[in-house]
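Biologist: I am new to this structure and should like to learn how to read it. May we begin with a ligand and its surroundings?

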Amino acid sequence: MVRAFKIKVPASSANIGPGYDVLGVGLSLFLELDVTIDSSQAQETNDDPNNCKLSYTKESEGYSTVLLRSDANLITRTALYVLRCNNIRNFPSGTKVHVSNPIPLGRGLGSSGAAVVAGVILGNEVAQLGFSKQRMLDYCLMIERHPDNITAAMMGGFCGSFLRDLTPQEVERREIPLAEVLPEPSGGEDTGLVPPLPPTDIGRHVKYQWNPAIKCIAIIPQFELSTADSRGVLPKAYPTQDLVFNLQRLAVLTTALTMDPPNADLIYPAMQDRVHQPYRKTLIPGLTEILSCVTPSTYPGLLGICLSGAGPTILALATENFEEISQEIINRFAKNGIKCSWKLLEPAYDGASVEQQ
Ligand SMILES: Nc1ncnc2c1ncn2[C@@H]1O[C@H](COP(=O)(O)OP(=O)(O)OP(=O)(O)O)[C@@H](O)[C@H]1O
Ligand SMILES: N[C@@H](CCO)C(=O)O
């Protein structure tokens, strides 16, 4: 029997200013996997140690750099983690995965979150494990340990999320699939290890309303900034007044983005942040100036502006004047020698999906 299905996972923007590691919104830019499982084509997948032939469309972001071995690529490596937790060593023979990825890598638009969500869904589908989205979140959150992008990509829409405290035993078992559980890309040997199942309900979330008049402009610099590096510049402890500053704004922002008509006088100041953006300016030339100089008074229709995820992309929320707002930010990056592209996006309300074909 031949099986074919398509997995679609949205990009996402995390933090939305004050909601560091808390808020995320799914965006209308989709990572897509076309999957076929045809045992009569097993020979074609024999080159891969885990029976999976992986390819990317030429137009895909990362086309020339992503690794295609199934135990090295983030999507298939994640799927292998799910399979092995459930005592299945490899993909079914004759598995082919063709990826179309329009989400720029390492720019703050949730490319890794989308890849991890797609990988967990891939594992669930190929082995027909029948997991709910909530259970699949547990697997995702053992890999990417901040829930904002992952939750928005899996569930869609505008989400607030947290990780529950793990018990000391669960903390001990915080398996790190990329380091321990899966074979290293260079070796490729299957160690036979069965990783422990993830604890249940690691991530809890709510979905907020979003006023559909609010569009998301992503201004995307042409340089990559890895999330790990961008987290590395953050302090280990914060002054109380900075945490209170963010908590106050976070509480107001989640409702302000639902109100009709949107109120720029409320949203713009509610999107200010003192927890991550001030520290990340060292990695993103022009950031401080961009965040402070483009305002609703200079650009009617602009509601708020922030760093998208770990950066370097800038997220501007607006109801009109999209081109003018983008051009202003592009010009300011250009003064710092940085070229950008921009995209006008909407929230992806439904999150990740699977379509049987
Ligand atoms: N479609 C994909 N296929 C394979 N690997 C991917 C894919 N998407 C992301 N990755 C991996 O994830 C890395 C980028 O992850 P990183 O967390 O640094 O940035 P990001 O997820 O784009 O940004 P942010 O988390 O701030 O939104 C890439 O360099 C690549 O290794
Ligand atoms: N909350 C995360 C999102 C990026 O993955 C960060 O800002 O580091």
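Modeller: Certainly. Counted by class, the shell around ligand 2 contains 3 nonpolar, 7 polar and 3 charged residues. Please keep in mind that the model is predicted.

Biologist: Which residues of that shell are the closest to ligand 2?

Modeller: Of the 13 residues that surround ligand 2, the closest are Ala-14, Asp-21, Thr-227, Gly-309 and Ala-310. Helix H4 (147-155) and helix H7 (227-232) are the elements that give two or more residues to this shell. The largest share, 3 residues, comes from H7.

Biologist: From which domains does the shell around ligand 2 draw at least three residues?

Modeller: It draws at least three residues from each of domain 1 (2-205) and domain 2 (211-345).

Biologist: How should I then read the relation between the domains?

Modeller: One begins with the bounds, then considers the separation and the contacts. The chain is divided into domain 1 (2-205) and domain 2 (211-345). Their centres, taken over C-alpha atoms, are separated by 28 Å. Across the boundary, 24 residues of domain 1 are in contact with 30 residues of domain 2. On the side of domain 1 that touches domain 2, strand S1 (2-14), strand S2 (23-38) and strand S5 each supply at least two residues.

Biologist: Which element gives the largest share of that side of domain 1?

Modeller: S2 does, with 4 residues. By class, the side of domain 1 that touches domain 2 has 12 nonpolar, 11 polar and 1 charged residues.

Biologist: How is a single helix to be read?

Modeller: The general idea is that an α-helix has 3.6 residues a turn, so residues three or four places apart point the same way. For the present case, let us take helix H8 (residues 240-256), which has 17 residues. From its first C-alpha to its last, H8 reaches 24 Å, close to the 24 Å expected at 1.5 Å a residue.

Biologist: Which residues of H8 are buried, and what covers them?

Modeller: The buried residues in H8 are Asn-246, Arg-249, Leu-250, Leu-253, Thr-254 and Ala-256. Their cover includes strand S5 (158-163), strand S6 (203-208) and helix H9 (264-270).

Biologist: Finally, how does one set a database annotation beside the model?

Modeller: One takes the listed range and describes the chain over it. In an unreviewed entry, UniProt lists residues 270-329 as "domain: GHMP kinase C-terminal". Over residues 270-329 the chain is 33% helix and 18% strand, with the end C-alpha atoms 20 Å apart.

Methods. Residues numbered from 1 in each chain as written. Chains lettered and ligands numbered in written order. Predicted model: local features only at pLDDT ≥ 70, side-chain atom pairs only at ≥ 80, totals over all residues. Expected span 1.5 Å × (residues − 1). Buried ≥ 20, exposed ≤ 12 C-beta atoms within 10 Å, placed from the backbone. Contact = placed C-beta atoms within 7 Å. UniProt positions renumbered as here; feature names shortened; annotations may be inferred. Domains from an automatic or database assignment. Nonpolar A, V, L, I, M, F, W, Y, C, P; charged D, E, K, R; others polar. Near = placed C-beta within 6 Å.
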